[in-house]
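Let's take a friendly walk through this complex. Have a look at the chains below, and then we can read them together.

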Amino acid sequence: MKEHDPLNSVLREWEAPEPSSAVDARVRAAYRAAHRPSLWRRIWSAQVTIPVPVLAAALLLLLAPVLWLQLRSRPSAPQPATVTPAGEGYMTRIETAGFKPLTDGATRVIRSGGWKQ
Amino acid sequence: MSDCDSGLLEAARHGDESSFLALYRRYRTPLFRFAWRLTGSVETAEDVLQECFLALIEGASFDADRGSLRAYLFGIARNLALKQLRLAERESEEVQDTETDVGPLEDLLSAERCEVVARAVLALPPFQREALVLFEYEELSLDEIAEVTRIEVGAVKARLHRARETLRRQLAPLIAARA
C-alpha cells in the first residue's frame, strides 16, 4: 500500500509542530496534583525548622512544671519507721533499730501478749 | 517495549514521577501530532495530550494482555480529539452563514504545498482521516489501528483506501508535479 506511491511523498509535505514546553509543565503539575501523598504520609514526613532559642524556651516551659512537681514532693526530713499492728496478735512491721541476729538460727514465736517494751 | 511500558506505568501509578516522565517523553510527540492532525488546532491538541495522560494515570482500564500501551494511548487521544471535533463542527455550523465558503482546492496552485496537503487531509471524513494519520504519519500497523479505532482490520483497510483515493484526486496536481 505504501511502496512507490507518489501520494506518500506529497503527504510528507505536511509537517506537524512540536508541543510547547507549557503543556509539559501542565502535564507534570497535573500528575503531581493527582499523586499527592496521603495526609498521614505528609504528616509523617513533614519537617519543621525551629530557631535554637525558641526550642530552648519551649523545652524549659515543658520541663519547668516537672521539676517544680519533683521539688515539691520531696520530703523535708526523714521520718522514723513506725510499728503498725496489722491484726490482733501479729506484727507486720517492726522496729529494726538495735536488731541482732540470733547466733543459733532457731526460730522462736513470741505472742503479742508477751511482748513488752 | 510493551513490558517496559507496563512497568513504567505501574511505577507511575504508584507515584514514581520519573517513570511517568519517561512514558510521557516517549509518547508526547506522536500523540500530539496525531491530535493536531485530527483537529487542526495546536491548543486543542495540547489539551488532548494533557487529558490523555491524566486519563492514563487516573484510569485503571489499561490491560497489557489485551494490547499495547501505544494503541491504548492513541485510542484515548482519538476519543478526545473526535469529541473536540464534534464540538468544533457544531460551533462552525452555527457561524456558517456569516462566513464565505472557500473550497479546499480553490487556491491549489498558489498556496503552499504544506497547507494544501493539510487542507486536503483535514477535509476527509473523521474516520478516514484518523486511519490515514495513524497509518501514514504515525506508522501504526493495521492491527494497531483496528485496536485504536475498535473496528475490524478489513474496515481499516477500506477506510484507508477511500481516504487515499480522495487524496489522490484532490492532490493530483501536486502528485503530477512530483512525478
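The predictor's confidence in each residue is called pLDDT, and it runs from 0 to 100. Keep it in mind here, since this is a predicted model.

**How confident is the model?**

In chain B, the average pLDDT is 84, and 85% of the residues reach at least 70. Two helices of chain B mark the ends of the range by mean confidence:

| Helix of chain B | Residues | Mean pLDDT |
|---|---|---|
| α1, lowest | 2-13 | 80 |
| α8, highest | 153-170 | 95 |

One stretch of chain B deserves some care: over residues 95-102 the pLDDT stays under 50. For these residues of chain B, the model has zero contacts beyond four places in sequence. Where pLDDT is low, the predicted coordinates should not be read in detail. For the complex, the predictor gives an ipTM of 0.75 and a pTM of 0.65.

**Chain A by itself**

Now turn to chain A, which has four helices and two strands. Follow chain A from the N terminus and you will meet its elements in the order α-α-α-α-β-β. Of the 117 residues in chain A, buried residues make up 5%.

**Where the chains meet**

How many residues does the contact take from each chain? There are 21 residues from chain A and 32 residues from chain B. On the side of chain A that touches chain B, the elements giving two or more residues are α1 (6-11) and α2 (21-34) of chain A. Sorted by class, this side of chain A has 13 nonpolar residues, along with four polar and four charged ones.

Note on methods: Residues are numbered from 1 along each chain as its sequence is written. Chains are lettered from A and ligands numbered from 1 in the order in which they are written. This is a predicted model: local features need pLDDT of at least 70, side-chain atom pairs count only at pLDDT 80 or more; totals for chains, interfaces and linings use all residues. Two residues are in contact if their C-beta atoms, placed from the backbone, lie within 7 Å. Ala, Val, Leu, Ile, Met, Phe, Trp, Tyr, Cys and Pro count as nonpolar, Asp, Glu, Lys and Arg as charged, and the others, Gly among them, as polar. A residue is buried if 20 or more other C-beta atoms lie within 10 Å of its own, exposed if 12 or fewer, and partly exposed in between; C-beta atoms are placed from the backbone.
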